[in-house]
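Here's a quick briefing to read alongside the model. Have a look at the structure first, then we'll go through its contacts, surface and overall form.

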Amino acid sequence: MTSDHLSEAEEAALERARAADMRRQEFEQLEQQRELERSMIEERDKGIREIETAVLTVNDIFTDLAGLVEEQGHMIDNIENNIVSTESQVQQGTTELRSASNYQKKSRKKLCYLLLCVVLLCAVLAGVVFAYKK
């Protein structure tokens with residue numbers, strides 16, 4: 001036997017070694033692919049958790065915003081009620097001022113009449129007193 005030619009047993013062993021080497025390479029490739037897929041799954045999971053955190057944050061913001069809108073709605077309702085109340089009170093005040101103005105005008109007329117009556121009474125009394133002295 002020459003070294004160029006291998007025996008059938010050696011060729012079979014060499015073939016088994018090549019097959020084992022190919023299986024080992026395939027296994028390593030599968031392991032690498034599995035590791036890559038695991039890494040991608042972890043990245044996706046991390047991204048999903050980040051999105052979940054962002055969604056929860058947005059939810060909190062909208063909840064806070066809804067509370068502020070409701071609170072300000074109550075404040076606006078209070079302001080509106082105060083405006084309506086103020087308008088009513090201003091109208092009532094205007095009515096009372098007109099009434100007071102009328103009373104004041106009437107009281108001036110009465111005071112003038114009273115003063116005229118007093119002046120006339122004084123004139124009559126003065127005339128009576130002056131007539132008795134003569």
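There are six salt bridges in this structure, a salt bridge being a side-chain nitrogen of Lys or Arg within 4 Å of a carboxyl oxygen of Asp or Glu. Heads-up: this is a predicted model, so local features need pLDDT of at least 70, side-chain atom pairs count only at pLDDT 80 or more, and totals for chains, interfaces and linings use all residues. Residues are numbered from 1 along each chain as its sequence is written, and side-chain values use heavy atoms, with hydrogens and water left out.

**Salt bridges**

- R18 pairs up with E15, with 3.9 Å between the closest N and O atoms. R18 and E15 sit three residues apart in helix α1, which means about one helical turn separates them.
- R18 is partly exposed at 47% relative accessible area, and E15 also counts as partly exposed at 47%. For the labels, buried means under 20% relative accessible area, exposed means over 50%, and partly exposed is in between (1.4 Å probe, protein chains only).
- E31 and R34 meet through their side chains in a salt bridge of 2.7 Å, N to O. These two are three residues apart in helix α1, so E31 and R34 have about one helical turn between them.
- E31 counts as partly exposed with 29% relative accessibility, while R34 is partly exposed with 45%.
- R49 and D45 make another side-chain salt bridge, at 2.6 Å from N to O. Here the spacing is four residues in helix α1, so R49 and D45 are again about one helical turn apart.
- R49 comes in at 43% relative accessibility, so R49 counts as partly exposed; D45, at 38%, counts as partly exposed too.
- D21, R24 and E28 are joined into one network by salt bridges that share partners.

**Surface patches**

- V58, F62, L65, L68 and V69 make up a nonpolar surface patch, with about 470 Å² of accessible area together. Patches take residues with over 30% relative accessible area and no salt bridge, joining like charges within 9 Å and nonpolar side chains (Val, Leu, Ile, Met, Phe, Trp, Tyr) within 5 Å.
- Accessible areas come from the Shrake-Rupley method with a 1.4 Å probe, and for residues only the protein chains shown count as cover.
- V69 is part of helix α1, residues 8-133, and V69 counts as exposed because its relative accessibility is 52%.
- K105, K106, R108, K109 and K110 form a positive surface patch.
- K106 belongs to helix α1 and is exposed, with 51% relative accessible area.

**Overall form**

- What does the secondary structure come to? One helix and zero strands, where helices (H or I, at least four residues) and strands (E, at least two) are DSSP runs numbered from the N terminus.
- The protein has a radius of gyration of 56 Å, well over the 14 Å that the globule rule gives for 134 residues, so it is more spread out than a compact globule. That radius is taken over C-alpha atoms, and the globule rule is 2.2 Å times the number of residues to the power 0.38.
- Along the principal axes, the C-alpha atoms fill a box of roughly 190 × 15 × 15 Å.
- Of the 134 residues, 1% are buried.
- About 12800 Å² of the protein is exposed, and carbon and sulfur atoms supply 61% of that.

**Charge layout**

- The protein carries 17 positive and 24 negative charges, and their mean positions are 36 Å apart.
- Lys and Arg count as positive and Asp and Glu as negative, without His and the chain ends; each charge is placed at NZ of Lys, CZ of Arg, CG of Asp or CD of Glu.
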